[in-house]
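Please find below my notes on this structure, set out as numbered points. They are meant to be read slowly, with the picture open beside them.

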Amino acid sequence: MKISKELAKGSTGLLVLSVISKTDMYGYQIIKTLEVMSENVFSLNEGTLYPILHSLEKEGSLKSYWCEAEGRKRKYYKITESGLAEHRGQKTRVAELLRRRFKGTGRCEACSRGLTNFLTMSAAI
């Protein structure tokens, strides 16, 4: 089941923050974790993810650092305190928006429940 482009566009930064709020991650790891946690509903390619990461870093929601593991140098992303606060606020707003938007319509209620569940389970913050 796929999510509409409008919903995905408005939620992508929040989904990235949700994934990174659990542990520091590098780009490909974020992509794969997002796919697993959303049961393949959300799938980002690198050309979509990296501009989002750079934007979140520029606004202070993330910090990045380089780390070498298994002989490879990777750029990891870590959520900041302001990123955690933003994540909490957005998570609450999106969950409420989804409940109001899809309640009783029969349209995409599974998508709504899936995104709400993802956001709820993604970080115990």
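1. Glu70 has a relative accessibility of 77%, and because anything over 50% counts as exposed, this residue is classed as exposed. This is a predicted model, and within it Glu70 is found in the loop between strands S2 and S3. The backbone here deserves a second look, since Glu70 has a positive phi of about 55° although it is not a glycine.

2. A positive phi also appears at Glu39, which follows helix H2 and whose phi is near 55°.

3. Glu35, by contrast with what a student might expect from the point about Glu70, has its place in helix H2 and counts as buried, at 13% relative accessibility. Leaving aside residues up to four places away in sequence, Glu35 touches Asn40, Phe42 and Ser43. The buried residues of H2 are Gly27, Ile30, Ile31, Leu34, Glu35 and Met37, and it is worth finding each of them in the picture before reading on.

4. Next comes the packing of two helices. Two packed helices are described by the angle between their axes and the distance between the axes. How do the axes of H2 and H3 cross? Helix H2, which covers residues 27-37, and helix H3, which covers residues 46-58, have axes that come within 10 Å and cross at roughly 110°. Because angles of 65 to 115 degrees count as roughly perpendicular, H2 is roughly perpendicular to H3. The crossing in which H2 passes H3 is right-handed.

5. Which residues of H2 and H3 meet? On the H2 side they are Gly27, Tyr28, Ile30 and Ile31, and on the H3 side they are Glu46, Leu49, Tyr50 and Leu53. The residues of this contact between H2 and H3 divide into six nonpolar, one polar and one charged.

6. Glu46 can be followed in more detail, as its place is in helix H3 and it is partly exposed, with a relative accessible area of 45%. Not counting residues up to four places away in sequence, Glu46 touches Tyr28, Ile31 and Pro51. Glu46 and Tyr28 are 18 residues apart in sequence, and their C-alpha atoms are 7.6 Å apart in space.

7. The last points concern aromatic rings. A pair of aromatic rings is described by the distance of the centres and the angle of the planes. The structure holds two aromatic pairs. One of them joins Tyr26 and Tyr76 in an edge-to-face arrangement, with 5.4 Å from centre to centre and 80° between the planes. This pair links distant parts of the chain, for Tyr26 is in strand S1 (residues 25-26) and Tyr76 is in strand S3 (residues 72-79), 50 residues apart. Tyr26 counts as buried at 18% relative accessibility, and Tyr76 is buried too, with a relative accessible area of 13%.

8. Is the pair of Tyr65 and Tyr76 stacked or edge-to-face? The ring centres of Tyr65 and Tyr76 are 5.7 Å apart and their planes lie at 15°, so the pair is stacked. Tyr65 lies in strand S2 (residues 62-69) and Tyr76 in strand S3, so this pair ties together parts that are 11 residues apart in sequence. Tyr65 is partly exposed, with a relative accessible area of 33%. Taken together, Tyr26, Tyr65 and Tyr76 form one aromatic cluster.

Key: Residues are numbered from 1 along each chain as its sequence is written. This is a predicted model: local features need pLDDT of at least 70, side-chain atom pairs count only at pLDDT 80 or more; totals for chains, interfaces and linings use all residues. Side-chain values use heavy atoms; hydrogens and water are left out. Axes are lines fitted to C-alpha atoms, for helices over the stretch in contact, and angles run from 0 to 180 degrees between N-to-C directions. Helices (H or I, at least four residues) and strands (E, at least two) are DSSP runs, numbered from the N terminus. Angles under 35 degrees count as roughly parallel, over 145 as roughly antiparallel, 65 to 115 as roughly perpendicular and the rest as oblique. A crossing is left-handed if the near helix is turned anticlockwise from the far one by less than a right angle, and right-handed if clockwise. Contact means heavy atoms within 4.5 Å. Ala, Val, Leu, Ile, Met, Phe, Trp, Tyr, Cys and Pro count as nonpolar, Asp, Glu, Lys and Arg as charged, and the others, Gly among them, as polar. Rings of Phe, Tyr and Trp (its six-membered ring) pair if their centres lie within 6.5 Å; planes under 30 degrees apart count as stacked, over 60 as edge-to-face and the rest as tilted. Buried means under 20% relative accessible area, exposed over 50%, partly exposed in between (1.4 Å probe, protein chains only).
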